[in-house]
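Visitor: I am new to this structure and would like a close look at the interior of the protein. Please take me through what lies inside, and then outward to the parts around it.

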Amino acid sequence: MENNEKMNGENTDVVKKIRKRNERKEARVFRLRKGMKTRNLIIILLIVALAGTVFFGYMQTVQAASYKTNLNNMYAKSFEDLSQHIETINNDITKLKVVSSNEQWSLLLMNILKTSSSASDVLGQLPSGIEAVGGMTAFINRLGDYCYMLNKRMLNGNVLKPEDIQQIDTLTAEVSNLMQQINNIASDENTDYTAYAQKNIFIGEETENISGAPEFKSDISYPSLLYDGPFSESTENKEPKELRGEEYTKDKAKEVATGFYQGRAVNIDDGGDLDGKIYAYGFTGQLQGGGTFDIYITKIGGKVLWSYESLPVQQDVTVDAALQQRCYASATDFLAKLGYANMKPNYWQHYDGVGVINFAPVENGTVLYPDIVKVWVDLKENRAIGIDANHYIMSHYNRTLPAAAITIEDARATVAQRMEIVSEQIALIPLEDNSESLCYEFSGKSGADEFLFYINAVTGKEEDVLQIIHAPNGQMVM
């Protein structure tokens, strides 16, 4: 019995040992299987992450390619429109050399003025911002204003001077040269217009090492027009009146530019500085969600002189009075955040989904037209995408306006004999000799035509008369 019990005890111990060994084996097997599952899960997650990264990169590449295509199409249309406008100007200015009647002279001069305004609007759509199109914009504006001055002189019974004829000959040659170069770009189907976004092509510099960008000759010399007008050399030689304060470094100006886009700038690079009466640091970069931007910050005072966000061409925007008012409101709010208070919208135009609104400040009830600020608005998103504060910075200062010597009732009586008055206000307007005049502004109709009359509030003189033209893409005054 004792031996049996002893053997049974020993067997029990053996069984326990075997059971423990089996349990340890099962535990090791379980840990191995668990480790394999964990490793497999990590591998699967890594594969998914890698696939996601590859897919994201692919989609980014596709999106970038699509954006570049849209941007290139927008620039292509702008060059095509500019080419047509310059060709029209070239035809009309060439005819000036052969016509003899005052009627034909007046008709051609006003046509050039109108087309110059359209060309100036298109220039705002071209790449590279102020630095690239500044010289050409100044030339086009001076050309239009020169034609206006000549026409006004002829209507007053004056004859053309020999220097006017010589000036017309010079302008004809320069416009013809400009037309040829613009046409060369617009007619080349292989032109990569986005390449121009990083290069100056219109102020006497050649394109260098730009892939896809043809050579743009640098032999255009924009002539100085022989008259004193709002865009003449004498105006450009004036010192800006609003620039004051500390001198900003390039790095500090970059901080201003970055802050202007409120965290939407993905990167920001040197875009080339603007060296003139208003020295400004230039920057360019990309925005979150696509799109590029150009911006210029003044060296003195660190003010935003000019900025613009490039957008794809938008053809599906329905423009009506309600949209216009919404754009006015968003642009006004945009200016207020930049420190431009009491700004009143005046006229606007729109093209390819972008609205351009002219604002003038109002001080003590007086509209200050010399101090205009231009704002671009994305019509689809109702969001400000650009600003041109050049006129404001050049002209604005703390003025002491003269007291009106005649009443608005007296001025109204003069105008009311010739048209039905719709609205009236007091305004400061720029004159051709670069002075300013306090006037009563009357907007009204004579038949189907709309006009703006300006009666000098001090002398009672009829200072100016402008016609309001309603075009499919907005308003213009002539």
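Guide: A residue is called buried when its relative accessible area is under 20%, and exposed when that area is over 50%, with partly exposed lying in between. Please keep in mind that this is a predicted model. By that cut-off Cys-147, at 1% relative accessibility, counts as buried, and Cys-439, at 0%, counts as buried too. Cysteines can raise the matter of disulfides, and the count of these comes to zero, where a disulfide would require a pair of cysteine sulfur atoms within 2.5 Å.

From these two residues we can turn to the nonpolar interior, whose largest core has 49 residues, with Ile-295 and Leu-335 having the most contacts inside it. The helix α7 gives the most to this core, contributing six residues. A second core, separate from that one, has 27 residues, and among them are Ile-86, Phe-139, Leu-150 and Val-175. If we pause at Leu-335 and leave aside its neighbours within four places in sequence, we find this residue in contact with Tyr-340, Met-343, Phe-359, Val-373, Val-375 and Ile-387.

Helix α7 covers residues 321–337, and the loop between this helix and strand β5 (343–351) is the place of Asn-342. Asn-342 has a positive phi of about 55 degrees although it is not a glycine, whereas most residues other than glycine have a negative phi. Asn-342 is also exposed, with a relative accessible area of 57%. A positive phi, of about 50 degrees, is found as well at Gln-262, which is not a glycine either. Gln-262 sits in the loop between α6 (250–260) and β1 (265–270), and with a relative accessible area of 68% Gln-262 is exposed.

A strand can show a buried and a less buried side by turns, and β14, made of residues 474–477, is an example: Gly-474 and Met-476 point to one face and are buried, while Gln-475 and Val-477 point to the other face and are not buried. This follows a general pattern, for in a regular strand the side chains alternate between the two faces of the sheet. Strand β14 pairs in the antiparallel sense with β13 (residues 462–471), over four bridges, and a hairpin of two residues joins β13 to β14. Within this pairing Val-477 of β14 is the bridge partner of Ile-468.

How values were computed: Residues are numbered from 1 along each chain as its sequence is written. This is a predicted model: local features need pLDDT of at least 70, side-chain atom pairs count only at pLDDT 80 or more; totals for chains, interfaces and linings use all residues. Side-chain values use heavy atoms; hydrogens and water are left out. Buried means under 20% relative accessible area, exposed over 50%, partly exposed in between (1.4 Å probe, protein chains only). Two strands pair if DSSP finds at least two bridges between them. A nonpolar core is a set of buried Ala, Val, Leu, Ile, Met, Phe, Trp, Tyr and Cys residues joined through side-chain atoms within 4.5 Å. Contact means heavy atoms within 4.5 Å.
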